[in-house]
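Hi,

Here is the structure I promised to pass on. Have a look at it first, and then read on for my notes.

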Amino acid sequence: MAEYNHREIEPKWQNIWKENGTYKAFVDTERPKFYALDMFPYPSGAGLHVGHPLGYIASDIVSRYKRNKGFNVLHPMGFDAFGLPAEQYAIQTGQHPAITTKQNIDRYKEQLKNIGFSFDWDKEIQTCDPDYYKWTQWIFMQIFDSWYDNDRSKARRIQELVNEFEQSGNKEIDAACDDDTPLFSSEEWKGWSEEQQQSILLKYRLTYLSETTVNWCPELGTVLSNDEVKDGFSERGGFPVVRKKMKQWSMRITAYAERLLQGIETIDWPEPLKEMQRNWIGKSIGAEMAFPVENSEVKIEVFTTRIDTIFGVTFLTLAPESELVEQLVSQDQKDKVEAYVEVAKNRSERDRMTDVKKITGVFTGSYAINPFNNERVPIWVADYVLAGYGTGAVMAVPCGDQRDYDFAKHFDLPIVPVIADVDISEQAVATKDGTMINSGFLDGLGYDDAISKAIEFLEENGLGKAKVNYRIRDAIFARQRYWGEPVPVYFKDNIPYLVDEADLPIILPEVDKYLPTEDGDPPLGRAENFTYTPSGESEAYPLELSTMPGWAGSSWYWYRYMDAHNEKAFVDKEVQQYWENVDLYIGGSEHATGHLLYSRFWNKILFDLGYVNQEEPFKKLINQGMIQGRSNFVYRVRGENKFVSKGLKKDYKTSPMHVDVNLVYNDELNLEAFKNWRPDLADAEFILEDGKYHCGWEIEKMSKSKYNVVNPDDIIERYGADTLRLYEMFLGPLEQFKPWNTNGIDGVRKFLSKLWRLFHNDQGEFEVSNGAPNKEELKSVHKTIKKAGEDIDRYSFNTSVSTFMICVNELSAIKSNNRQVLEDLLVIISPYAPHITEELWSLLGHQTSVVDAPYPDYNEEHLKEDDLEYPVMINGKMRTKLQLPSDFSKEQIEEAALANEVVQKWLEGKPPKKVIVVPKKIVNLVV
């Protein structure tokens with residue numbers, strides 16, 4: 001075979017890998033394990049574009065490398081298959097989401113297999129498969145059946161809580177529970193009906209039903225999480241979102257706030273992502289206190305981290321959603337407040353937290369009393385206060401908080417300085433330095449002493465106490481949609497009960513439409529007989545009509561890959577103890593406060609309950625950057641169907657128009673393909689430069705609307721999968737954003753052809769030599785072995801590709817075809833380009849896959865230079881060069897320099913004033 005033919009070789013090896021089960025992973029306690037995982041994709045109808053495989057290629061390189069290094073590697077792939085797009089398509093067309101999803105998954109799998117990934121497809125999972133979501137439902141049941149013991153800092157079974165209630169009530173129990181949980185004795189507990197007891201237990205369960213303010217999207221017919229809402233509209237579809245109260249399932253992630261925060265310090269994740277989680281959890285150490293309302297029994301509770309500034313409070317602000325608003329608004333302010341609340345409460349929390357420029361608010365007409373100085377404080381409503389954080393009320397200290405300062409300036413409210421020697425004429429100063437002023441009994445104290453004294457005053461007078469607060473809220477765990485996991489709960493006397501484990505999975509039922517019912521129930525309300533009859537009973541009870549949110553199936557999926565076909569458990573205990581958790585996880589940072597947080601949360605619950613032996617799911621995480629699109633433009637003469645080449649457009653009045661990048665090669669437009677692209681372009685005319693049409697270009701997000709989407713299938717057909725894999729790595733560091741530009745892909749394809757020719761003679765026949773390699777060959781390949789291994793160990797893949805190119809060029813230049821050298825070269829290139837290396841490895845006579853070959857060790861002896869060239873500088877100018885052995889000492893280098901004829905001529909028989917020798921670099925003489 002004269003040339004490398006990727007169209008024959010790549011499918012050949014993909015079939016061999018499949019037939020031989022080359023990438024199947026098994027527990028092997030004789031070998032160290034390595035678990036590499038990619039964030040599994042949602043299978044959209046558009047399929048993959050060239051940006052999608054970037055992270056998959058990186059994880060595949062590491063997986064293959066680790067296998068060469070002797071590790072037992074688990075590298076699976078599956079699909080996050082429940083999602084809104086398939087359901088929206090079902091609503092529009094009537095086609096069942098399962099059909100659409102299967103078609104999309106089949107397309108994804110075809111594309112992924114064409115790229116040559118070392119996935120163990122035998123372990124594939126799909127979250128919409130009942131055999132999979134049976135275990136999602138089972139995990140939900142374990143969470144429902146648990147409560148969080150603050151004393152032990154762990155989840156425990158609900159029956160243990162019941163036992164404590166029966167013995168001594170709840171007065172001595174420190175648990176994560178609802179704020180309105182009453183205190184009761186064991187006698188009271190025993191005297192309650194089952195319905196009353198179950199209602200109390202719901203206040204402790206780690207997943208529970210409650211009245212909650214949610215993001216409701218009428219158009220989508222479902223509740224959305226905060227990270228699915230942007231600027232008051234749904235992230236998917238751009239539909240309006242309103243805030244409303246609904247009875248919803250929630251998960252008590254707040255119980256794990258501190259452990260989630262502490263766990264961040266134990267994992268090797270990018271610091272920006274860790275900081276995003278820290279901010280989302282939002283730990284604050286401060287005090288909680290109450291402001292009595294003037295002429296009322298109402299008290300407004302606030303949480304503050306700066307109780308030392310209590311004398312600087314000049315107004316209180318309530319969240320628009322606060323129940324206190326309706327109680328405190330005066331008659332003359334009622335219309336203004338109601339109008340404001342209606343608008344403000346429908347903005348998402350994220351928008352309200354980030355929009356600092358827009359200042360809005362309204363006075364309630366009521367006043368509170370500051371218990372520290374008995375001064376009247378006006379009560380306002382403002383949307384920068386969130387109902388879900390703290391108490392939903394803020395004591396405003398304009399001198400020390402910029403938002404309070406801006407609000408006070410805008411509405412002409414007082415600003416009282418409370419820290420000495422601080423200039424607040426232009427802005428707030430949130431300093432902890434200085435002493436207190438205008439602060440009564442706190443005057444003259446520093447920050448720490450003032451905090452302690454103020455908290456002491458609160459507690460002595462029963463006004464409040466020290467408290468730790470967290471910004472994170474309990475996670476809404478329900479969607480009023482069809483395409484999701486059914487919740488394994490039925491209702492008896494309006495109390496939720498778990499179905500029997502033996503009856504799992506609760507299968508998603510058939511419905512006539514994928515829309516809410518006429519009564520406003522979720523789509524599952526359309527199902528016939530969607531009920532449950534408990535064992536031993538004859539009555540059928542209604543099942544939960546909401547489905548689980550999109551993040552449910554992805555919050556534990558890495559465990560199912562370990563043991564994908566287990567029918568008795570979500571993962572066998574011994575199997576999990578071997579694979580433990582994920583060693584390398586690659587995916588996008590956009591999941592920081594969604595999937596990545598919820599996964600850590602569920603993992604900690606499973607750990608507490610003894611099902612897994614690791615508290616964190618992902619040891620190391622890498623956020624891959626985005627491959628951006630490189631858009632091309634043509635320039636249409638205004639009012640005509642005529643297009644001007646880029647270099648001539650200055651002479652015409654033109655409008656730029658996106659053109660399909662697949663019609664362009666090296667920025668040159670294929671004129672006939674362009675005319676066939678759309679009917680309106682069939683008679684297009686062109687003004688050319690040198691007989692060619694040159695397009696403009698711009699870096700933009702890859703999207704269909706910009707016609708800059710590049711299909712990997714097209715690249716593979718033209719250049720091959722190995723070229724695609726190498727080129728995506730060659731584009732730049734994995735974590736960085738970089739543009740896709742096919743202008744450079746030819747060089748990578750030529751590199752593979754050059755690699756191929758190392759193994760073939762001029763007649764195209766396979767030919768390698770079996771003698772001992774020479775120094776030059778060994779030096780070239782061993783420096784490449786060293787660099788490639790170091791690069792993979794630090795996940796720096798782009799520099800390895802250029803190193804491979806240099807090595808192949810060097811070996812080509814000396815016409816090397818030495819078997820030993822080329823075998824080592826194939827092994828180190830194989831993680832990047834598995835197809836061509838498998839073919840050449842086979843041609844060398846090997847019967848096993850190159851993936852099982854040991855990764856070669858480099859030998860430092862082969863990297864040593866025999867001679868080094870030393871420039872000799874005399875009074876700042878280079879006068880000669882010396883070739884000296886690389887192991888010469890400074891003294892030997894100086895001696896050789898002084899003995900040189902050219903140097904002696906410049907010295908004119910005199911000793912130099914100074915000799916400076918920089919080993920392996922340069923010799924400097926001053927005469």
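To start with the charged side chains: which residue's side chain does Lys604 meet in a salt bridge? The partner is Glu615, with an N to O distance of 3.3 Å. Before going further, please keep in mind that this is a predicted model.

Lys604 sits in helix α18, which covers residues 595–608, while Glu615 belongs to the loop between α18 and β23. The two are 11 residues apart, and the pair is one that links distant parts of the chain. Their surroundings differ in how open they are: with a relative accessible area of 1%, Lys604 is buried, whereas Glu615 has 28% and is partly exposed. This pair also has company, since salt bridges with shared partners join Arg259, Arg600, Lys604, Asp608, Glu615 and Glu616 into one network. If you select those residues together, you can follow the network on screen.

As for the total, I get 51 salt bridges in the structure. Two others are worth a look.

One is between Asp178 and Arg252, where the closest N and O atoms are 2.9 Å apart. Asp178 is in the loop between α6 (158–168) and α7 (186–191), and Arg252 is in the loop between β9 (242–251) and α9 (257–263), so this salt bridge ties together parts that are 74 residues apart in sequence. Both ends are buried: Asp178 comes out at 18% relative accessibility, and Arg252 at 2%. The cut-off for buried is under 20%, so Asp178 with its 18% still counts.

The other is between Lys619 and Asp583, with 3.2 Å between the closest N and O atoms. Here the partners are in strands: Lys619 in β23 (residues 618–623) and Asp583 in β22 (residues 582–587). They are 36 residues apart, so to speak another link between distant parts of the chain. Lys619 is partly exposed at 32% relative accessibility, while Asp583 is buried at 14%.On to the cysteines. How many disulfides does the count come to? It comes to 0. Two cysteines I checked for burial are Cys217, which is buried with a relative accessible area of 0%, and Cys807, which is buried with 1%.

Next, a pair of helices. Helix α25 (residues 819–829) packs against helix α26 (residues 834–843) at an angle of about 150°, and their axes are 9 Å apart. That angle makes α25 roughly antiparallel to α26, and the crossing of the two is left-handed. On the α25 side, the residues in contact are Glu823, Leu826, Val827 and Ile829. They meet Thr837, Leu840 and Trp841 in α26.

Ile115 is also worth a click. You will find Ile115 in the loop between α4 (97–114) and α5 (130–144), and at 0% relative accessibility this residue counts as buried. What does Ile115 touch, leaving out residues up to four places away in sequence? The contacts are Gln14, Pro53, Ile716, Ala721, Leu724, Arg725 and His835. In addition, the C-alpha atoms of Ile115 and Thr723 are separated by 9.8 Å, although the two residues are 608 apart along the chain.

Last, some backbone geometry that you may want to check before you set anything up. As background, most peptide bonds are trans, and most residues other than glycine have a negative phi. Against that, here are the exceptions I noted:

- Leu504 and Pro505 are joined by a cis peptide bond, with omega about 0°. Pro505 is in the loop between β19 (495–498) and β20 (531–532).
- Lys815 has a positive phi, near 55°. Its place is in the loop between α24 (798–813) and α25, and with a relative accessible area of 72% Lys815 is exposed.
- Lys920 has a positive phi as well, near 70°. Lys920 is found in the loop between β34 (914–918) and β35 (922–926), and at 53% relative accessibility this residue counts as exposed.

Cheers

Terms used: Residues numbered from 1 in each chain as written. Predicted model: local features only at pLDDT ≥ 70, side-chain atom pairs only at ≥ 80, totals over all residues. Heavy atoms only, no water. Salt bridge = Lys/Arg side-chain N within 4 Å of Asp/Glu carboxyl O. Helix = DSSP H or I, 4+ residues; strand = E, 2+ residues; numbered from the N terminus. Buried < 20%, exposed > 50% of the residue type's maximum accessible area, 1.4 Å probe, protein only. Disulfide = S-S within 2.5 Å. Axes fitted to C-alpha atoms, helices over the stretch in contact; angles between N-to-C directions. Parallel < 35°, antiparallel > 145°, perpendicular 65-115°, else oblique. Left-handed = near helix turned anticlockwise from the far one by under 90°. Contact = heavy atoms within 4.5 Å.
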